[in-house]
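This report goes through a few local features of one protein chain. The sequence and structure come first, followed by the notes.

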Amino acid sequence: ADMVDFASEANVSCLKAGLEQLEHPWMYVRADHDTEPFYLEGVSKEDSKSYQESLLPNEDVMVWEYEEFLVVGWNHSTEQLSEAALEQLKGLFAEGKPIILLTHVPIRPLDDSLAEQSKEAWGGRELIWGDGCYHQPDAVTSEFLEMIYAQDSPVCEILCGHVHFTWDGWVTETVHQHVFSPA
C-alpha cells in the first residue's frame with residue numbers, strides 16, 4: 001500500500017501503467033496515502049477512492065485461492081473492519097487452509113517490541129492495530145484480531161507496512177509478521 005502520495009488522476013494513471021507492465025500477479029492493498037490524503041488540502045477522500053476504483057475494484061477483502069493456501073488482503077486497514085468483511089473473513093478462516101494476510105497496518109504482537117519501535121519512530125504513537133494503540137479496534141475489528149490471535153488461527157504470515165521501518169517477529173507463537181520498510 002501507499003503506492004501513491006495521493007490518488008489523483010495523474011498518479012493513478014502512472015501507477016496503472018506501471019502495474020500493467022508487471023509479469024507476476026499482484027494484489028493492491030490500499031491505505032491512508034492511497035485513499036485518505038489527510039496531509040493534503042483540497043483532495044477529498046471520495047475523489048481519491050473514485051480514482052482508486054478506476055484502477056481496479058476497491059473491495060474490503062481480496063482473496064487469491066491456491067490449492068494449499070490463501071492470500072487474503074485486508075484493504076483500507078487504516079479504517080475499522082466492516083461487519084460484511086468480518087463475515088467474509090470468518091468464511092475464509094473456516095476453510096482451514098493456511099492464510100498469508102496482507103494488511104497495511106501491522107497487528108500488535110504479544111510482546112512490546114513493535115509498539116516500542118513505533119513509539120520511538122512516531123513521537124510516542126503506536127501506529128499499529130491493538131488495544132491502547134493509535135489504531136484502536138472497535139468491536140468488529142477486535143473480533144477479527146481475536147481470530148488472528150486464536151491458538152487455531154490459520155494465519156501463518158502477516159505482511160504489512162505503514163510504520164516506515166522494517167520489523168520481523170511473532171504476533172503469536174504461530175503467526176509471524178514482516179513489516180516492510182518504505183519503498
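## Surroundings of Q177

Contact here means heavy atoms within 4.5 Å. The model is predicted. Q177 is part of strand 6, which spans residues 176-179. Because its relative accessibility is 0%, Q177 counts as buried.

With neighbours within four places in sequence left aside, Q177 is in contact with P106, I107, L114, E157, I158, C160, W167, D168, G169 and V171. For I107 there is also a polar detail: the Q177 side chain reaches the backbone nitrogen of I107 at 2.9 Å.

## Nonpolar cores

The largest nonpolar core has 34 residues, and L101, F144, I148 and I158 touch the most other members. At least two residues of this core come from each of strand 2 (70-74), helix 4 (83-94), strand 3 (99-103), helix 5 (113-121), helix 6 (139-149) and strand 4 (155-160). A second, separate core consists of five residues, among them M27, V29, M62 and V71.

I158 links this topic to the previous one, being in contact with Q177. Other contacts of I158, again without neighbours within four places in sequence, include L101, T103, I107, I148, V171 and V175.

## Helix 5

Which residues of helix 5 are buried? They are L114, A115 and S118. Viewed down the helix axis, the buried residues of helix 5 fall within an arc of 100°, so they line one face of the helix. Strand 5 (167-170) and strand 6 are included in what covers them.

Just after helix 5 comes G123, with a positive phi of about 60°.

Methods: Residues are numbered from 1 along each chain as its sequence is written. This is a predicted model: local features need pLDDT of at least 70, side-chain atom pairs count only at pLDDT 80 or more; totals for chains, interfaces and linings use all residues. Side-chain values use heavy atoms; hydrogens and water are left out. Helices (H or I, at least four residues) and strands (E, at least two) are DSSP runs, numbered from the N terminus. Buried means under 20% relative accessible area, exposed over 50%, partly exposed in between (1.4 Å probe, protein chains only). A polar contact is a pair of N or O atoms within 3.5 Å; within protein, one must be able to donate a hydrogen and the other to accept it, and residues adjacent in sequence count only if both atoms are side-chain atoms. A nonpolar core is a set of buried Ala, Val, Leu, Ile, Met, Phe, Trp, Tyr and Cys residues joined through side-chain atoms within 4.5 Å. The arc is that of the directions from the helix axis to the C-beta atoms.
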